Amino acid sequence: KTAAEALGRMGPEARSAVPSLIGALGDGNSSVRSNAAFALGQVGAEAEPAVPALTGLLKDESPWARAGAARALGRIGGSAKASAPALIELLKDSNEGVRRDAAEALGRFGVDAKAAVPALVLLLKDASVSVRKAAAEALGGIGPEAKGALPALLESMKDSEFVVRMNAAQALKRIGLEPGQAVKVWTEALKDTSEHARRYAADAL
């Protein structure tokens with residue numbers, strides 16, 4: 001456990017340890033598995049050889065290990081896109097941290113995660129603020145291919161939490177609104193209770 005944590009703090013410099021960290025993903029201790037996943041995520045794109053093992057870890061019994069695997073796959077980036085179907089399944093996980101991390105990972109895949117759009121739209125109504133925020137951010141990360149999410153994101157502009165409204169606004173901007181619709185949306189956002197949101201809307205107009 002301590003070794004995996006130390007390697008995680010080294011970041012990309014720990015690339016030579018990737019084979020050992022892959023082995024640690026199968027350790028009998030869930031803390032070791034989750035720390036190994038964290039370390040692989042810190043290595044980033046050069047941890048691509050770990051993608052199959054990390055994808056398998058998404059089904060681990062420990063929510064910490066599942067979340068760690070999701071975060072690592074997101075940090076590895078586009079070369080981990082083969083894990084997208086498994087991450088989409090994880091959006092239905094009973095643990096909110098796992099749902100959040102799976103959404104964030106899919107957002108990092110960009111257009112390669114477009115199949116996740118329907119599931120991410122459902123998460124915009126999640127009971128957890130952090131999950132709703134992550135879902136909105138992920139849809140923005142997918143970009144124009146997430147146009148099917150526009151009605152739900154427009155609804156999220158009325159969310160009770162500022163961070164969700166802001167992420168929804170950013171997603172709408174990245175996905176793209178029709179000019180007439182954009183003016184209406186940003187004009188309405190000028191009435192937001194948050195000064196930051198009003199400033200963002202003014203910049204968007």
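User: Asp 192 forms a salt bridge with Arg 165; how far apart are the closest N and O atoms?
Analyst: A salt bridge here is a side-chain nitrogen of Lys or Arg within 4 Å of a carboxyl oxygen of Asp or Glu. For Asp 192 and Arg 165, the closest N and O atoms are separated by 2.7 Å.

User: On what kind of model does this rest, and what is left out of the side-chain values?
Analyst: This is a predicted model, in which local features need pLDDT of at least 70 and side-chain atom pairs count only at pLDDT 80 or more, while totals for chains, interfaces and linings use all residues. Residues are numbered from 1 along each chain as its sequence is written, and side-chain values use heavy atoms, leaving out hydrogens and water.

User: Which parts of the chain does the pair of Asp 192 and Arg 165 link?
Analyst: Helices (H or I, at least four residues) and strands (E, at least two) are taken as DSSP runs and numbered from the N terminus. The two partners are 27 residues apart and link distant parts of the chain, Asp 192 lying in the loop between H12 and H13, and Arg 165 in helix H11.

User: Are Asp 192 and Arg 165 buried or exposed?
Analyst: The class follows from relative accessible area, where buried means under 20%, exposed over 50%, and partly exposed in between, with a 1.4 Å probe and protein chains only. Asp 192 has a value of 15% and Arg 165 a value of 9%, so both residues are buried.

User: Which residues are joined into one network by salt bridges that share partners?
Analyst: In general, side chains of opposite charge can pair when their charged atoms come close. Here, salt bridges with shared partners make one network of Arg 71, Arg 100 and Asp 101.

User: How many salt bridges are found in the whole structure, and which helices hold Arg 71 and Asp 101?
Analyst: A search of the whole structure gives eleven salt bridges. In one of them the side chains of Arg 71 and Asp 101 meet at 2.6 Å, N to O. This pair also links distant parts of the chain, its members being 30 residues apart, with Arg 71 in helix H5 (residues 63-76) and Asp 101 in helix H7.

User: Which accessibility class does each of Arg 71 and Asp 101 fall into?
Analyst: The relative accessibility of Arg 71 is 37%, so Arg 71 counts as partly exposed. For Asp 101 the value is 3%, and Asp 101 therefore counts as buried.

User: What is the relative accessibility of Lys 92?
Analyst: The side chain of Lys 92 meets that of Glu 89 in a salt bridge of 3.5 Å, N to O. Lys 92 counts as exposed, because its relative accessibility is 63%.

User: How much space lies in the largest pocket?
Analyst: On a 1 Å grid over the protein atoms alone, a cavity is a set of points where a 1.4 Å probe fits but cannot get out, whereas a pocket is an open set with protein on both sides within 12 Å along at least five of seven lines. Grid points are joined across faces, edges and corners, and the volume is the space filled by probe spheres set on the points. For the largest pocket this space is about 410 Å³.

User: Which element gives the largest share of the lining of the largest pocket?
Analyst: The lining, meaning residues with an atom within 4 Å of a point, comprises 18 residues, of which Leu 154, Met 157, Val 185, Glu 188 and Ala 189 lie nearest the centre. Two or more lining residues come from each of helix H10 (150-156), helix H11 (162-175), H12 and helix H13 (195-204). The largest share, six residues, is given by H12.

User: How many residues of each class are in the lining of the largest pocket?
Analyst: Ala, Val, Leu, Ile, Met, Phe, Trp, Tyr, Cys and Pro count as nonpolar, Asp, Glu, Lys and Arg as charged, and the others, Gly among them, as polar. By this division, the lining has seven charged, two polar and nine nonpolar residues.

User: Which residues make the nonpolar surface patch of about 250 Å²?
Analyst: Patches consist of residues with over 30% relative accessible area and no salt bridge, like charges being joined within 9 Å and nonpolar side chains (Val, Leu, Ile, Met, Phe, Trp, Tyr) within 5 Å. Accessible areas come from the Shrake-Rupley method with a 1.4 Å probe, and for residues only the protein chains shown count as cover. One patch member, Val 183, sits in helix H12 (residues 179-189) and is partly exposed, at 48% relative accessible area. The patch is made by Val 183, Leu 190 and Leu 205.

User: How far apart in space, C-alpha to C-alpha, are Ser 62 and Ser 194?
Analyst: Ser 62 lies in the loop between helix H4 (51-57) and H5, and is buried, with a relative accessible area of 7%. In sequence Ser 62 and Ser 194 are 132 residues apart, and in space their C-alpha separation is 38 Å.
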